[in-house]
Amino acid sequence: MKLGAIEAGGTKFVCAIGNEQGDIFEKTVIPTEHPDVTMPVVYQFFKGKGVERIGIGSFGPIDVNEASDSYGTIQNTPKIDWVDFPLAKRLADQLHVPVKVDTDVNVAALSEAEWGNATDVDSCLYITVGTGIGAGAIVNGTTLNGLSHPEMGHIAVKRHDDDSFAGACPYHNDCLEGMASGPALEKRWGKAGKELADDERVWEIEAHYLAQALVNYIYILSPERIIMGGGVMQQEHLFDLIRKNVMESLAGYVSSPFLSAENIDRYIVPPGLTDEAGVKGALLLASK
Ligand code: ADP
Ligand code: ZN
């Protein structure tokens, strides 16, 4: 089946045509500007190409409840031009095909489970640490949504003893995203994460917050694998710091062969798919 896929991000929309096996036949990248500017280009890309369904992995918050009148409408985002924009409805109206929507992280989790680093397990968590922090969980082969989609980046975290940074989240100040996103690093230290690579204090504090979050997710969701992506995770040394903190914090409480010194590096892992994870996940969503 010919399917359409969109990875809708704050800086760019990646649009693709492909199939449910994840083959991509055609792809384009459109800058995210005002919806009146961006969306006509998106419609034009898909028009006349014979796609039967479209899947979208979007920045949020976005309504992901299929029974809701505002399914696929962007909600309270700081990207002000997009607040209340009915993304799925407009696409369906323009292209006359069914449109499915989930969050960017849920869709990334779907494609990691199908083709990436979680193909051998039934549940997983995908977390991105970038401009924002968000996570999606796969449980019983499907993404976990409820009232809305989860907002795992905005959980409360216990402050590091040596950290007096006020936090960068416009809603909660010192939530996880407020303390550990790329912009939080930059605001706390006065330099972008990339330029802080050699400063051990930076990453010790960063790992403190991220590991705490993972421990909470492990206790609540019990995922069989945790995949960490996003710009900040390009700091590869963070993985070992996080694994060590997670093990110390769990203190042996959860019994699983994965949560052992020998296996923890196969439990908390980088993504298996690189730049096409978003559109491939959106293809999968469209096919469901
Ligand atoms: P987005 O979240 O917008 O999709 P990214 O996942 O690339 O994009 O995240 C961007 C954030 O990641 C920025 O705050 C940037 O400073 C940070 N970042 C990008 N590359 C690195 C790196 N190599 N080391 C640390 N931080 C990085
Ligand atoms: Zn927050």
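Helices and strands are taken here as DSSP runs, of at least four residues (H or I) and at least two (E) respectively, numbered from the N terminus. The model is predicted. On this basis, Asp23 falls in the loop that links strand 2 (12-18) to strand 3 (24-31).

The surroundings of Asp23 were examined in turn. Asp23 has a relative accessibility of 39% and therefore counts as partly exposed, since that class lies between the under 20% of buried residues and the over 50% of exposed ones. Residues up to four places away in sequence were set aside for its contacts. Asp23 then touches Ile17, Gly18 and Leu283. Met1 stands 22 residues from Asp23 in sequence. The C-alpha atoms of Asp23 and Met1 are 11 Å apart in space.

The fold as a whole was considered next. The protein chain holds eight helices and 10 strands. Its radius of gyration is 19 Å, close to the 19 Å that the globule rule gives for 288 residues, so the chain is as compact as a globular protein of that length. Along the principal axes, the C-alpha atoms fill a box of roughly 55 × 40 × 35 Å. Of the 288 residues, 50% are buried. Contacts between residues at least 6 apart in sequence were also sorted by separation. Of these, 63% join residues at least 24 apart.

The surface and the charges complete this overview. The accessible surface of the protein chain is about 13400 Å². Carbon and sulfur atoms account for 48% of that area. The chain carries 23 positive and 40 negative side chains. The centres of these two sets lie 3 Å apart.

Attention then turned to the interior. In soluble globular proteins, nonpolar side chains tend to be buried together. The largest nonpolar core here has 40 residues. Within this core, Leu210, Met228 and Ile242 touch the most other members. At least two core residues come from each of strand 6 (124-129), strand 7 (133-139), helix 4 (176-180), helix 5 (182-189), helix 6 (200-221), strand 9 (226-229) and helix 7 (237-250). Helix 6 gives the largest share, with 12 residues. Another core, of 28 residues, lies apart from this one. Its members include Ile17, Phe46, Val97 and Val101.

Met228 was followed further. Neighbours within four places in sequence were again left aside. Met228 is in contact with Leu210 and Ile242. Its other partners are Ile127, Val129, Leu214, Met233, Phe239, Ile268, Val269, Pro270 and Pro271.

Note on methods:
Residues are numbered from 1 along each chain as its sequence is written. Chains are lettered from A and ligands numbered from 1 in the order in which they are written. This is a predicted model: local features need pLDDT of at least 70, side-chain atom pairs count only at pLDDT 80 or more; totals for chains, interfaces and linings use all residues. Side-chain values use heavy atoms; hydrogens and water are left out. A nonpolar core is a set of buried Ala, Val, Leu, Ile, Met, Phe, Trp, Tyr and Cys residues joined through side-chain atoms within 4.5 Å. Buried means under 20% relative accessible area, exposed over 50%, partly exposed in between (1.4 Å probe, protein chains only). Contact means heavy atoms within 4.5 Å. The radius of gyration is taken over C-alpha atoms; the globule rule is 2.2 Å times the number of residues to the power 0.38. Accessible areas come from the Shrake-Rupley method with a 1.4 Å probe; for residues, only the protein chains shown count as cover. Lys and Arg count as positive and Asp and Glu as negative; His and the chain ends are not counted. The place of a charge is taken as NZ of Lys, CZ of Arg, CG of Asp or CD of Glu.
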